[in-house]
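Here are some worked exercises to try with the model open in your viewer. Have a go at each task before you read its solution.

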Amino acid sequence: MCRIGAVKSKKPVHPSTALRLMLPQQEGHDNSGFAMVMQDLSGVFSLYKDKPLLSMACTKQGARLVEDYMSAKNFVKMAEWLPVPNKQPNLDIQAMPYYIFRNYDYPEHYDDTESREALLLDTRLALRKILTESNQGYVYSFWPDVLTLKEIGDPRDIATYFRLWDDNGTLLSKNIIVQCRQNTNYKIVRYAAHPFFLQGYTLCANGENTFYTKNKEFQKNLHRGYIGFESDSQNFLYTLHYVLHELKWSIPYYKHVITPLPFAEIAEREDKDILLSIRQSLAHLEINGPNTIIAGLPDGRMMTCCDSKKLRPVAVGGDDTTIAISSEVCGINEILPDRNMEKDIYPNEREVVVIDNDLKVMRWKQ
């Protein structure tokens, strides 16, 4: 079983906040890894929010391969942050030689949003292919105002290695989605660690998707960005991206796709024709099994929802400045002990909870 969490704040927060959210839930994860996606960045990246940020871990040769590719494609390096690791003895971390977080300016002639989105996706896929074939590293995201870090080992030691306990103002963001576990149901590879990212969409999951094979076979022909499938939880991200980005449907329909209502209930609804069409055309995107997801959207909103039987827990709580989503409420208690706990939300199996950028919480019933 996994544990997942997220922090959304009006004021930029440090990764240590997300770590403190997760560590009280230690019994629910196995200290095999740590991964986070930060969105709406401040600190060292505050001056480059409109420039795509490349997040990668690699060898020296891998760094050279990436630099050669980016130069050949006319990307211009704007800024770079290279973490200085704290190499204490006996840390439980399978560290890569280099961690690079680098802002680029777009090549000329990429002026509109659609062409830039396609360019950034295709560039990330090309870099992933180069690094995978040469076995020289990993590229996790290439997107404006987004940083991704994934590592294998004990979350506490990983945080020590990257100095994430030091609230020194270097790394700050208003949105952080995090998980403290590697993908131990399958082969441990860094790409399999939650959260997953694609074109501004971030998602992590707690649980299993027993329709993984059905989802995978359908998704891999839907979009060039739906690759890897190192984890059954990647299906959730690809379906979210497909429903919201490709089909341009609203968030409630995502829930209807992954956990459709029974036919008897659909028959009694005014929107039955739409819901029946969804069931007929996107049946292979339905998920099954115990799971809860937390997702971040390109516009900064966050959302959470559960499986159709609510077999995995999740809680939402906060105050006027910060809202947290967590598998267990003890994590929220750790970082927001003075909130009004009577306002906490425990989403049920038929709803989607969305937090907007003003921290307004919306609950949409299926």
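**Exercise 1. Work out which hand the crossing of α6 past α7 has, and describe the packing of the two helices.**

Step 1: start with the hand. α6 passes α7 in a right-handed crossing. The model is a predicted one, by the way.

Step 2: get the geometry. Two packed helices are described by the angle between their axes and the distance between the axes. For α6 and α7, the axes come within 9 Å and cross at roughly 130°.

Step 3: classify the angle. Anything over 145 degrees would be roughly antiparallel and 65 to 115 roughly perpendicular, with what remains above 35 being oblique. α6 and α7 are therefore oblique to each other.

Step 4: list the contact residues. α6 brings Phe236, Thr239, Leu240, Val243 and Leu244, and they meet Ile251, Tyr253, Tyr254, Val257 and Ile258 of α7. Sorted by type, the residues of this α6–α7 contact come out as nine nonpolar, one polar and no charged.

**Exercise 2. Describe how α7 sits against α9, and decide whether α7 is largely enclosed or not.**

Step 1: take the axes. Those of α7 (residues 251–258) and α9 (residues 272–281) come within 9 Å, crossing at roughly 55°. That angle makes α7 oblique to α9.

Step 2: find the hand. α7 passes α9 in a right-handed crossing.

Step 3: pick out the touching residues. On α7 they are Tyr253, His256 and Val257, and on α9 they are Ile274, Leu275 and Ile278. The tally for the α7–α9 contact is five nonpolar, one polar and no charged.

Step 4: check burial. In α7, the buried residues are Ile251, Tyr254, Lys255, His256, Val257 and Ile258. Six of the eight residues of α7 are buried, so α7 is largely enclosed by the rest of the structure.

**Exercise 3. Trace the sheet that contains β9, and find the helix that packs on it.**

Step 1: write down the order. Six strands make an open sheet, β9-β10-β11-β12-β15-β16, with antiparallel pairing.

Step 2: look at the edges. β9 (196–198) and β16 (361–365) have a single partner strand each, so one side of each has no neighbour in the sheet. From one strand to the next, the twist averages 20°.

Step 3: zoom in on one pair. β9 and β10 (residues 201–207) run antiparallel and are joined by three bridges. Phe196 has Leu203 of β10 as its bridge partner.

Step 4: add the helix. α6 (residues 234–246) packs on this sheet and touches β9, β10, β11 (291–296) and β12 (302–306). The direction of α6 makes about 140° with that of β10.

**Exercise 4. Place β1 in its sheet, name its partners and say how buried it is.**

Step 1: get the order. This open sheet of six strands runs β7-β2-β8-β1-β14-β13, and its pairing is antiparallel. β7 (146–152) and β13 (315–318) are at the edges with a single partner strand each, so one side of each lacks a neighbour in the sheet.

Step 2: take the partners in turn. Six bridges link β1 to β8 (residues 171–179), where Gln179 is the bridge partner of Ile4. Five bridges link β1 to β14 (residues 322–326), where Ile325 is the bridge partner of Ala6.

Step 3: count the buried residues. In β1 (residues 4–13), seven of the 10 are buried, so the strand is largely enclosed by the rest of the structure.

**Exercise 5. Go through the backbone oddities at Pro195, Asn74 and Leu359.**

Step 1: recall the baseline. Most residues other than glycine have a negative phi, and most peptide bonds are trans.

Step 2: check the proline. The bond from His194 to Pro195 is cis, with omega near -5°. Pro195 is in the loop between β8 and β9.

Step 3: compare the two phi cases. Asn74, in the loop between α2 (60–72) and β4 (76–81), has a positive phi of about 70°. Leu359, in the loop between β15 (351–355) and β16, has phi near 65°.

Step 4: add exposure. Asn74 has a relative accessible area of 53% and is exposed, whereas Leu359, at 10% relative accessibility, counts as buried.

Key: Residues are numbered from 1 along each chain as its sequence is written. This is a predicted model: local features need pLDDT of at least 70, side-chain atom pairs count only at pLDDT 80 or more; totals for chains, interfaces and linings use all residues. Side-chain values use heavy atoms; hydrogens and water are left out. Axes are lines fitted to C-alpha atoms, for helices over the stretch in contact, and angles run from 0 to 180 degrees between N-to-C directions. Helices (H or I, at least four residues) and strands (E, at least two) are DSSP runs, numbered from the N terminus. A crossing is left-handed if the near helix is turned anticlockwise from the far one by less than a right angle, and right-handed if clockwise. Contact means heavy atoms within 4.5 Å. Ala, Val, Leu, Ile, Met, Phe, Trp, Tyr, Cys and Pro count as nonpolar, Asp, Glu, Lys and Arg as charged, and the others, Gly among them, as polar. Two strands pair if DSSP finds at least two bridges between them. Buried means under 20% relative accessible area, exposed over 50%, partly exposed in between (1.4 Å probe, protein chains only).
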